Amino acid sequence: MFPKSLRGYVERALARCKDDIQMAASQAVMKEMITKATADGTLYTRDWDVEPLFPLPNADVVKQDSAQTLTPISLLTKLKRSPSRRTKSRWEPIQEEKPAEKPASINHETSKYAGWVNERDRKTLMMNNGSKDNNLTGTRYSSLEHKGANKFTQKPVKRQRLIDSIVAADNGDTSSDSDKEQSLTAYYAGAMALANSPEERKRRESRSKRFEKGQRHGAETNHFKSKSVGSGNLYSRRATAVVLSKNFEDGGSRAVEDFDWDALTVKGTCQEVEKRYLRLTSAPDPATVRPEEVLEKALLMVQNSLKNYLYKCDQLKSIRQDLTVQRIRNHLTVKVYETHARLALEVGDLPEYNQCASQLKSLYAEGIEGCHMEFAAYNLLCVIMHSNNNRDLVSSMSRLSNEAKKDEAVKHALAVRGAVTSGNYVMFFRLYKTAPNLSTCLMDLYVEKMRFKAVSCMSRSYRPTLPVSYVAQVLGFTSNANEGSDEKDSDGLEECVEWLKAHGACFIADNNGEMQLDMKSTSSSLYMPEPEDAVAHGDANLAVNDFLTRTLS
Amino acid sequence: MAYVSMGEAHHRITEYLNRFSDAVSYQDGASLKNLLSLSSNSPSLISLADALAVFHDSNRLFKQSDKFSQLSEIADRELTSNGKLPEKLKAAGSFLMKVFGVLAGKGTKRVGALYVTCQLFKIYFKLGTVHLCRSVIRSIETARIFDFEEFPKRDKVTYMYYTGRLEVFNENFPAADNKLSYALKHCNPQSEANIRMILKYLIPVKLSIGILPKDWLLEKYNLVEYKNVVEALKRGDLRLLRHALQEHEDRFLRSGVYLVLEKLELQVYQRLIKKIYIIQKQKDPNKAHQLKLEIIVKALKWLEMDMDLDEVECIVAILIYKNLVKGYFAHKSKVVVLSKQDPFPKLNGKPVNS
């Protein structure tokens, strides 16, 4: 939700704070900045990477010889970059500002650079690591030197790493070696620098309390994960890339935890129950986002609405969007996704169903209550119907808990699985008739295939003929002999005949005039016809016009 | 577990690696053993990679890559117990891919490629990303730079074992049989654990092509979970098969052979019907080739398998379709008419066609 570069900006801003007071003040300043940027829409358009850091509040810092502090910076700039990197560096804006400032505000400047005092140590370390081959010795050196002062805490070290990984990430394809070098040296430098700060213990405490927060950040960090993949093609590089991006994700969520992201989450104010779905292109305007109570009403409205699927889908998508934007992941979210998934199943909108199903999976994993079993059964059926991969099937089956195996819906799905694997069509269509919830819709996807398999099997094993009425009954066109009305049965029978004809079956009338299947000839003439909704590019779901003209419930 | 900061952990690992590399350089076996039995906290992959990169000698590289993946596994376990993502093993996999690439290029080190391949297999199987094996296999089998016979024996055995397992997953039983049998044949007869591993997958394959293991084999290698399965096949006892599958369900699911064993049901049905046929033949040789459906239903009921007429008819149809029973089914009279010659063909090394 927040651009990655903004996080980097926050990182840098906080990194130079020497104590809690400064941090709190910086946070307040940034909060204002971000809210303003959100309001005027520049949140996503401003390049936070080059955005100058605002002056540190409470500019009351150690006197530094400005010359001394400046050279390390320039050296830092040079050393951090291999020649192939872009010339514009993260640190430049500060340097540019410097000459423009009046001498009276020298204090201000030095306060900015106060944070960089520690970087001097970093510089010395880097000078020692002349070549990348010295990596090992370099790290050894640093670790040996600082064995004593090991008050390392997870956060600050990761924070430094975060900075470096941002650097690495944003600078695209550079040799992995120089990345290694950078991250390692910076890592140690950072560790050294922050090891002795007394506030660390305080921060550590507050951080450990944030652990639940870390959980909630889960949704957010996921966004960032995908972003870091995009930038610089990290995943195309090997082990280093994996680690770096992972650190980013990890470090990112924890390092900026102190920064109160919650206060920046949109809190909706819109009271409209009905709202069309519009893909977000910028930060949402609170006036258009509905708060939780309104969303509950909206869900009810959709559930009771008699309008068609497209309308409901649209409404649900916008409800989902409002929930995501406000980072609401609770009972209501589960209900919304379940509703949407069920609707999608009913009309056969599989892509939408899959989306909802995967969201539900992660929601259930967080422990939120919902119809676990129902969806576990759907999940299993999906795997059966769609993948020919035995491995997927076996792993889905092994993942079912003992409790799940006792549930009726799951038992049904498992029985279907057995029937499909062994090709037992009688069992399959019996289960089809007794399918719970919406399992019928999922089984529908396999009905055609199963029927064809059944008829091929029957045509090879039965001789000489087989009554069509039997076929119709066994293949689920008509109901069992005892139940069902005659009218429905005759309809079903006709449907069966149509189906058989479409697949090339050969008929014969017996002495009583009853229609029979001529098994021998059928066995050679049977074929699987082209599906009627076949589209040029092969994916029926993508044929929008088709979809729109299809009769909707 | 004591909370150790990342920095400290990193420091420890670097130290550890330094000692490790020293031990290796000086061929110091004892201290190496000590080092490897140490369980470490989340090691940083990069420093390990560096350490490994320093060593040019391929032998050391192999030893290290082996321990390396083990270390990654330990690391992953630690990570998961800490609630973080077990990414180290995946990273180890990508790193080894890199190593493989290096080995594929250089001339003298080619023989090491298979070893690294096997390590990669181990990792991919553990991770469940089995499809990644395909690319490695392709480079080994099709590239002209590799001559399979050149590789050391134990690598070949390991390689065949894993590729055999892949064939089992894809249900290519003849190929699986070939590969796993090769592995079994060339495996060191002393290493019982390895033989057991190979047999664990070979037995279901053999069962699927109609070859049954002797009891002593199962007992010798402690594979008693298959005992009931074999027994069920011999007797045509469907109830026993289903019971055996249920009893060891978790184990079979985990090793991935569950579906293979389930498919044996058809062979059990075949055996049962054959028994009925034999009994009938004894009573009345002329009419034996006509089997009434209700008798089969009765036999199944006797085994406590409650199936109705339609269902049994379906099973019979499937058996005929898959050539386990030669003949046809007359629907009106509900009779299975068996062929006069060899009505229950043996599988003869070919799996039941699907």
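Trainee: Why does A:Glu352 count as buried?

Mentor: Buried means under 20% relative accessible area, exposed means over 50%, and partly exposed is what lies in between (1.4 Å probe, protein chains only). A:Glu352 has 7% relative accessibility, which is under 20%, so the residue counts as buried. Please keep in mind that this is a predicted model, where local features need pLDDT of at least 70 and side-chain atom pairs count only at pLDDT 80 or more, while totals for chains, interfaces and linings use all residues, and that side-chain values use heavy atoms, with hydrogens and water left out. Residues are numbered from 1 along each chain as its sequence is written, and chains are lettered from A and ligands numbered from 1 in the order in which they are written.

Trainee: What makes the meeting of A:Lys317 and A:Glu352 a salt bridge?

Mentor: The term asks for a side-chain nitrogen of Lys or Arg within 4 Å of a carboxyl oxygen of Asp or Glu. Here the N to O distance is 3.9 Å, so the pair qualifies. It links distant parts of the chain: A:Lys317 is in helix H14 (residues 309-325) and A:Glu352 in helix H16 (residues 350-365) of chain A, 35 residues apart. Helices (H or I, at least four residues) and strands (E, at least two) are DSSP runs, numbered from the N terminus. Unlike its buried partner, A:Lys317 is partly exposed at 26%.

Trainee: How do you know that A:Lys411 and A:Glu408 are separated by about one helical turn?

Mentor: They sit three residues apart in helix H20 (residues 408-422) of chain A, which puts about one turn between them. In general, an α-helix has 3.6 residues a turn, so residues three or four places apart point the same way. The side chains of A:Lys411 and A:Glu408 form a salt bridge at 3.6 Å, N to O. A:Lys411 is partly exposed at 41%, and A:Glu408 counts as exposed at 57%.

Trainee: Why can we say that the pair of B:Glu311 and A:Arg430 joins two chains?

Mentor: The closest N and O atoms of this salt bridge are 3.9 Å apart. B:Glu311 lies in helix H18 (residues 309-321) of chain B and A:Arg430 in helix H21 (residues 425-433) of chain A, so two chains are joined. B:Glu311 is buried at 8%, whereas A:Arg430 is partly exposed at 29%. The structure holds 23 salt bridges over all chains, and a network of them links A:Lys275, A:Arg290 and A:Asp322.

Trainee: How do you know that the length of helix H8 of chain B agrees with what it should span?

Mentor: The expected span is 1.5 Å times one less than the number of residues. For the 17 residues of H8(B) (residues 153-169) that comes to 24 Å, and the end C-alpha atoms are 25 Å apart, which agrees. H8(B) is also mostly covered, with 14 of its 17 residues buried. Just after this helix, B:Glu171 takes a positive phi of about 60 degrees.

Trainee: What makes E1 and E2 of chain B edge strands?

Mentor: The open antiparallel sheet has the order E1-E3-E2. Strand E1 (290-292) and strand E2 (327-330) each pair on one side only, which is what an edge strand does here. Two strands pair if DSSP finds at least two bridges between them. E1(B) and strand E3 (residues 335-338) have three bridges, in the antiparallel sense; one of the bridge pairs is B:Lys292 with B:Val335.

Trainee: What is unusual about the phi of B:Glu304?

Mentor: B:Glu304 has a positive phi of about 65 degrees although it is not a glycine. Most residues other than glycine have a negative phi, and most peptide bonds are trans. B:Glu304 sits in the loop between helix H17 (293-302) and H18 of chain B, and is exposed at 58%. B:Asn323 also has a positive phi, about 70 degrees, in the loop between H18 and E2 of chain B; at 44% it counts as partly exposed.

Trainee: Which peptide bond is cis, and what is its omega?

Mentor: The bond joining A:Arg463 and A:Pro464 is cis, with omega about -10 degrees. A:Pro464 is found in the loop between helix H22 (439-461) and strand E1 (465-467) of chain A.
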